[in-house]
Amino acid sequence: MNFVNRHIAANISDEVPPRSLGATLATERKWPIRYESIAPLVLLADCATILVASVVSAAIYQFHGGGGMTADPGKALGSATIVSALFVSLLKIQDMYRPTELLVLRSQIRTVCLVWSCVFLLLAGTVGAVDIGHELSRGAALLFALIGLAALIVQRGVMRDLLKKGLSGRRFTGRNVVLITDQPQPLDSGLAQTLTNLGFCVSEKFSLPPPGSNSGYRKRLSARVIERIRGSDIDEVIVEADPNRWSELRAFVAELRVVPFPIVFVPGGAASEMFRRPTRDLGSAVCVELQRGPLTGVEHATKRLIDLVGAGLALTILSPLLAAVAIAIKLDSAGPVLFRQQRCGFNGRRFAICKFRTMSVLEDGPSIVQVGPVDNRVTRIGKWLRRTSIDELPQLLNVLDGSMSLVGPRPHALAHDNQFDKVVRNYAFRRRVKPGLTGWAQVHGCRGPTPTTALIERRVEYDLWYIDNWSLRLDLAILLQTPLEVLRGRNAY
């Protein structure tokens, strides 16, 4: 159980006026739900929603004719069971059932839409591969997909509102706990308040002795705690302390072993940051990940597969547009159709990026002047290509050859790389992954030239966040948001 969801309380307090615990308990009744039960309850609610949506869609389709096919409740429930199992499993893998994630409605809706679409695409491919499409109704399946997605989105809004109400009103039922902390009052981490917001009842609060205190003080404290717990309705003991005091804490907890209740440790102080980082086993040792490295083997293979499939499909579908643009460039001005320029890629490796030529010059040297809003070097067709970002489409070839990815930090000219590396801290960290055709910075409006240090710093900040928080879901979200950002036309010239 994760007791330290402190930002939940902070988010709620911004929207709901604070009230005293006594007033809350006096005016509002507790719900028979524990905070740690939220995730499994929402998971079950998803399964129920999908099952109901399947039956309702089959009934509606049959009521309106059904294309001559008879609705089979058994098939509807069977398909819904498969869909719900895949759907909740994918969401569970991405930790989307955590209460902290359920509070972020926008992220929930985006993930639900992506996962729901992926599930149906996977099932459609499976049905086609085993040739059982004649046994299923496409109309009923499409209706199920639409009704199910709408119901899940509505459910997410309802769940978010109920969760906020439960947290702000302290409605959740929780266990009675004793809190033992070494945090001084002025530096109080607020754990007691967080526990109260999550439904726990802090029956008693004790202060640990200062570091280096004699064992007599510690034994007197353990005796007081044991005396308070024996014969009471206490269910759990929570110890909040600096991990640097572990030798003292171990001795203190040993004295509490006579208590037949769980004792939970919540790290505090500066060293507590280590406990928030991912861990893995290395033989009998436990390793803490201080810096997220490049993608794992599975993640790299998955991302590469998406790059190959996405770039291949995009080149096939857009081939008429690419041919038309090539002809327009040739008719508009003298020079090659494609422009190649050296860029810096993964781990500092250089590669030649492909773009449609939009300027009358082909600059690729130690000194390159960035394009401005009014630039005589840009051709007539080039202005339109740059505004719509169509000039970037040949980089799909770079994606196919592996020097770029569909999503990642945008690569800059070598001359600009050298310049930015001197003025922007951690700029080189962008090279920990492959550069991309689009990226997290671009969907946040960081497109086009970067004439000031502030603009490139903002772009780098987005790029580094993407690298540290990469996920398949994030890549899919960026790919879906990119066309919308292109239509907005921010900073494109």
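**Cysteines, a helix and two sheets**

Q: C354: buried or exposed?
A: C354 is buried, because its relative accessible area is just 3%. Buried means under 20% relative accessible area, exposed over 50%, and partly exposed in between, using a 1.4 Å probe and protein chains only.

Q: And what about C201?
A: C201 is partly exposed, at 38% relative accessibility.

Q: How many disulfides are there?
A: The search of the whole structure found 0. A disulfide here is a pair of cysteine sulfur atoms within 2.5 Å.

Q: What kind of model is this?
A: This is a predicted model, where local features need pLDDT of at least 70, side-chain atom pairs count only at pLDDT 80 or more, and totals for chains, interfaces and linings use all residues. Residues are numbered from 1 along each chain as its sequence is written, and side-chain values use heavy atoms, leaving out hydrogens and water.

Q: New topic. How many residues has helix α9?
A: Helix α9 has 15, residues 215-229. Its first and last C-alpha are 21 Å apart, close to the 21 Å expected. That expected span is 1.5 Å times one less than the number of residues. Helices (H or I, at least four residues) and strands (E, at least two) are DSSP runs, numbered from the N terminus.

Q: Which residues of α9 are buried?
A: R218, L221, S222, V225, I226 and I229. They fall within an arc of 135° seen down the axis, so they line one face of α9. The arc is taken from the directions from the helix axis to the C-beta atoms.

Q: What sits on the face turned away?
A: Exposed R220 and E227.

Q: What covers the buried residues of α9?
A: The cover includes β1 (176-181), β2 (201-207), β3 (236-241) and α10 (246-255). Contact means heavy atoms within 4.5 Å.

Q: What order do the strands of the open sheet take?
A: β2-β1-β3-β4, 4 strands with parallel pairing. β2 and β4 (263-267) are at the edges with a single partner strand each, so one side of each has no neighbour in the sheet. Two strands pair if DSSP finds at least two bridges between them.

Q: Which residue in β3 is the bridge partner of I180?
A: V239. β1 and β3 pair over 5 bridges.

Q: In which sense do β5 and β6 pair?
A: Strands β5 (279-282) and β6 (285-288) pair in the antiparallel sense over 4 bridges. They form a hairpin with 2 residues between them. G283 in the turn has a positive phi of about 70°.
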